[in-house]
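Please work through the exercises below with the sequence and the coordinates at hand. Each task sentence is followed by a solution that goes step by step.

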Amino acid sequence: MKWIIPVALLMIVGSLGSALYFMMKDKGGSSRMVRSLMLRIGLSIVLFLGILIAHYFGYIEATGVRVGTN
């Protein structure tokens, strides 16, 4: 799990970068930017669900750090 999450995050950032590239290059002439952004959304959802499933099955654990308490 330690390498799956960073790889997924890199893929998400790469997809966002390709959408920016297609936006600048195509000037709205094709749907490659939309497909790239849809891929980014899909990867984000899969990553979120994967983290939830990994936590449920015990592959990853919460750290126990409390946020916002004194």
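## Exercise 1: Overall form

For a compact globule of 70 residues a radius of gyration near 11 Å would be expected, but the protein has 17 Å. The model is a predicted one.

Task: Describe the extent, the secondary structure and the surface of the protein, and state what share of its 70 residues is buried.

Solution. Begin with the C-alpha trace, which spans about 50 × 30 × 15 Å along the principal axes of the protein. Next, assign the secondary structure, which comes to 2 helices and 0 strands. Then turn to accessibility: buried residues, those under 20% relative accessible area, make up 14% of the 70 residues. The protein exposes about 5900 Å², and carbon and sulfur atoms supply 71% of this area. Finally, consider the contacts between residues at least 6 apart in sequence, of which 48% join residues at least 24 apart.

## Exercise 2: Two residues of helix α1

Task: Determine whether S15 is buried or exposed, and find which residues S15 touches beyond those up to four places away in sequence.

Solution. First locate S15, which lies in helix α1. Its relative accessibility is 4%, so S15 counts as buried. With residues up to four places away in sequence not counted, S15 touches S36, L39 and R40. For R40 there is a further detail, since its backbone nitrogen lies 3.5 Å from a polar atom of the side chain of S15.

Task: Classify Y21 by its relative accessibility, and state how far apart the C-alpha atoms of Y21 and L52 are.

Solution. Y21 lies in helix α1, which covers residues 4–26. The relative accessibility of Y21 is 48%, and Y21 therefore counts as partly exposed; the upper limit of that class is 50%. For the distance, take Y21 and L52, which are 31 residues apart along the chain, and the separation of their C-alpha atoms is 32 Å.

## Exercise 3: Aromatic rings

Task: State how many aromatic pairs a search of the whole structure finds, and explain why the pair of Y56 and F57 is edge-to-face.

Solution. The search of the whole structure finds 2 aromatic pairs. In one of them, the ring centres of Y56 and F57 are 5.1 Å apart and the ring planes stand at 80 degrees, so the pair is edge-to-face. The cut-offs needed here are a distance of centres within 6.5 Å for a pair and an angle over 60 degrees for the edge-to-face class. As a last step, check the accessibility of the two residues: both Y56 and F57 are exposed.

Terms used:
Residues are numbered from 1 along each chain as its sequence is written. Side-chain values use heavy atoms; hydrogens and water are left out. Rings of Phe, Tyr and Trp (its six-membered ring) pair if their centres lie within 6.5 Å; planes under 30 degrees apart count as stacked, over 60 as edge-to-face and the rest as tilted. Buried means under 20% relative accessible area, exposed over 50%, partly exposed in between (1.4 Å probe, protein chains only). Helices (H or I, at least four residues) and strands (E, at least two) are DSSP runs, numbered from the N terminus. A polar contact is a pair of N or O atoms within 3.5 Å; within protein, one must be able to donate a hydrogen and the other to accept it, and residues adjacent in sequence count only if both atoms are side-chain atoms. Contact means heavy atoms within 4.5 Å. The radius of gyration is taken over C-alpha atoms; the globule rule is 2.2 Å times the number of residues to the power 0.38. Accessible areas come from the Shrake-Rupley method with a 1.4 Å probe; for residues, only the protein chains shown count as cover.
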